[in-house]
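The following note sets out points for a colleague who will examine the model alongside its sequence. It proceeds from the overall fold to individual residues.

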Amino acid sequence: MTTTDTNATTSDLVEIPIGQLDAHPHNIRRSLGSLDDLVRSIRTLGVLEPLIVMPADHNGRHVIVAGHRRLAAATKADLATVPCVVRSMNEADVLEAMLAENGDGIRARITLVEEAEAYARLMTLRDGLTVKSLASRVGRSQSYVRSRLVVLALPSKALDRLHRGDFTLDVATALAKAADDPALIDQLLDSDRLDEWTIERAVKARATERQRSDREADVVAAGHRLLATDGTKTAQRLDALLTERADRRRHAKEPCHAVAVQSGWGGPVVVEYCTDPRRHRASTPAEQRSPITATPTRATDTTDDERRKADSTAKAARRQFLADKVANGGLAQAATARFAFQALVATVNQQRATVVARTLRLNTTSDGGTTGAGAALADHAMASARQLATVAALIAAAEADEHAGPYRPSYSDDPLLVAYYRWLTDLGYQPTDQERQLLDTPTD
Ligand SMILES: [Zn+2]
């Protein structure tokens, strides 16, 4: 036997005894799939398409480049020899031939993972090969190749399950976004629901949590005292306690100063707190008092009565301001809608919060407690204006459901119910006869 030049190609069709053929050590196929149909076809028609094999080695053995399934089926069909084309190829050529062979659906397809691994190896074998040039060599789009390379970032446990067909490429792509967090991937793989939506939510929640803890680390590094999550209940927000900007700045040096990192519209925000508001009250004995007082304009002996009076003056001023605003062309749309929704979310009753949190499949505290539902709902609503609108609508729906029922006297003409049923119908809901009756009631 002679060894051929690396790049020489010969195309002589020869019959080679099955016993002289070896599987390629890097065959991209992890499994051969069902061979029954192929065995049957080979028994009646023989091997129609020749195998591609490497030139024989010094023992007269040929390594198969393409045709592993055909060889396995021919062996089962008890053939002595199979038709082969002998071709000298390097490993990259071999891989490309394997990928091309598996490109169309006639043969049992290689799995996503096998295909992805083959692309990755091809990129290491062919120096300077870009995704673009690789895609054109194997006759695929760039996004097709890239989407397969992306999943290789997954840990082997996830790749094994993808290989077994436990989930789709879309799910794998979503999972790959958490590839740097094997614990999260494990957790997702073990969960009952493994869909893109659930994964994206988990990845987003993790990103938010990371942002928050990064921010907390910054705040601690800057020398601030960080308030524990439940610490914000007893502390008071600084901007509510101290109205002067200069006082708020000075407060940072006080022992009662602390900060908390909270979720805001555009990501985590640092909120300043005072952990001991009494220190700023004029009524507190001088030796326990901070030099910064809570109400600088009325620093001396402010009584509760005076404060109440100031509060009601301020309230009247706010109402007057809003009345003027409405009279002079109305309120700015986006901010107004946002505040209205926020108020709705903030004031929702806990039982309804639980109903809405379940509708949104939000993770609440393990015992399904109502406090957990309220917090989860607020977090979800704060993530975007769109989510806030969804939460608001679901709260309204939960409220309307409380109104529905034969024992409600207002049932027949409840405007909330009418609006609710109309909304559902607009979304494609098929109303019952009773619901339709309500919708058909003329309104004034
Ligand atoms: Zn303070």
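**Notes on the predicted model**

1. Of the 444 residues of the protein, 23% count as buried. The model is a predicted one. Its secondary structure comprises 19 helices and eight strands. As for contacts between residues at least 6 apart in sequence, 60% join residues at least 24 apart.

2. The five-stranded sheet may be taken next. This open sheet has the strand order β1-β5-β3-β4-β2, and its pairing is mixed. At its edges stand β1 (13-17) and β2 (21-22), each of which pairs on one side only. Strands β1 and β5 are antiparallel to one another and are joined over five bridges. Within this part of the sheet, Glu15 is placed opposite Pro83 of β5.

3. Helix α2 is associated with this sheet: α2 lies across β2, β3 (51-53), β4 (62-66) and β5. Relative to β5, the helix runs at about 160 degrees.

4. How do helices α1 and α2 cross, and at what angle? Two packed helices are in general described by the angle between their axes and the distance between the axes. Here the axes of α1 (residues 36-45) and α2 come within 9 Å and cross at roughly 65 degrees. The crossing of α1 and α2 is right-handed. On the α1 side the contact involves Leu38, Val39 and Ile42, which meet Arg69, Ala73, Ala74 and Lys76 of α2. By class, the residues of this contact are five nonpolar, no polar and two charged.

5. Arg69, one of the α2 residues that meet α1, also has a place in a longer-range relation. Gly33 and Arg69 are separated by 36 residues in sequence, yet their C-alpha atoms are 8.4 Å apart in space. Gly33 belongs to the loop between β2 and α1. Is Gly33 buried, partly exposed or exposed? Gly33 is partly exposed, because 14 other C-beta atoms lie within 10 Å, a count between the limits of 12 or fewer for exposed and 20 or more for buried.

6. The second sheet is an open one of three strands, in the order β6-β8-β7, with antiparallel pairing. Strands β6 (236-237) and β7 (257-264) are at the edges; each has a single partner strand, so one side of each is left without a neighbour in the sheet. Strand β8 (residues 267-274) is joined to β6 by two bridges, and the two strands run antiparallel. In that pairing, Arg237 has Tyr273 of β8 as its bridge partner.

7. Two backbone conformations deserve inspection. Asp78 has a positive phi of about 60 degrees, although it is not a glycine. This residue is in the loop between α2 (68-76) and β5 (81-86). Asp78 counts as exposed because 10 other C-beta atoms lie within 10 Å, and the limit for that class is 12 or fewer.

8. The other case is Arg361, a residue other than glycine whose phi is positive, near 55 degrees. Arg361 is located in the loop between α15 (350-359) and α16 (370-382). Is Arg361 buried or exposed? Arg361 is exposed, with 10 other C-beta atoms within 10 Å.

Conventions. Residues are numbered from 1 along each chain as its sequence is written. This is a predicted model: local features need pLDDT of at least 70, side-chain atom pairs count only at pLDDT 80 or more; totals for chains, interfaces and linings use all residues. Helices (H or I, at least four residues) and strands (E, at least two) are DSSP runs, numbered from the N terminus. Two residues are in contact if their C-beta atoms, placed from the backbone, lie within 7 Å. Two strands pair if DSSP finds at least two bridges between them. Axes are lines fitted to C-alpha atoms, for helices over the stretch in contact, and angles run from 0 to 180 degrees between N-to-C directions. A crossing is left-handed if the near helix is turned anticlockwise from the far one by less than a right angle, and right-handed if clockwise. Ala, Val, Leu, Ile, Met, Phe, Trp, Tyr, Cys and Pro count as nonpolar, Asp, Glu, Lys and Arg as charged, and the others, Gly among them, as polar.
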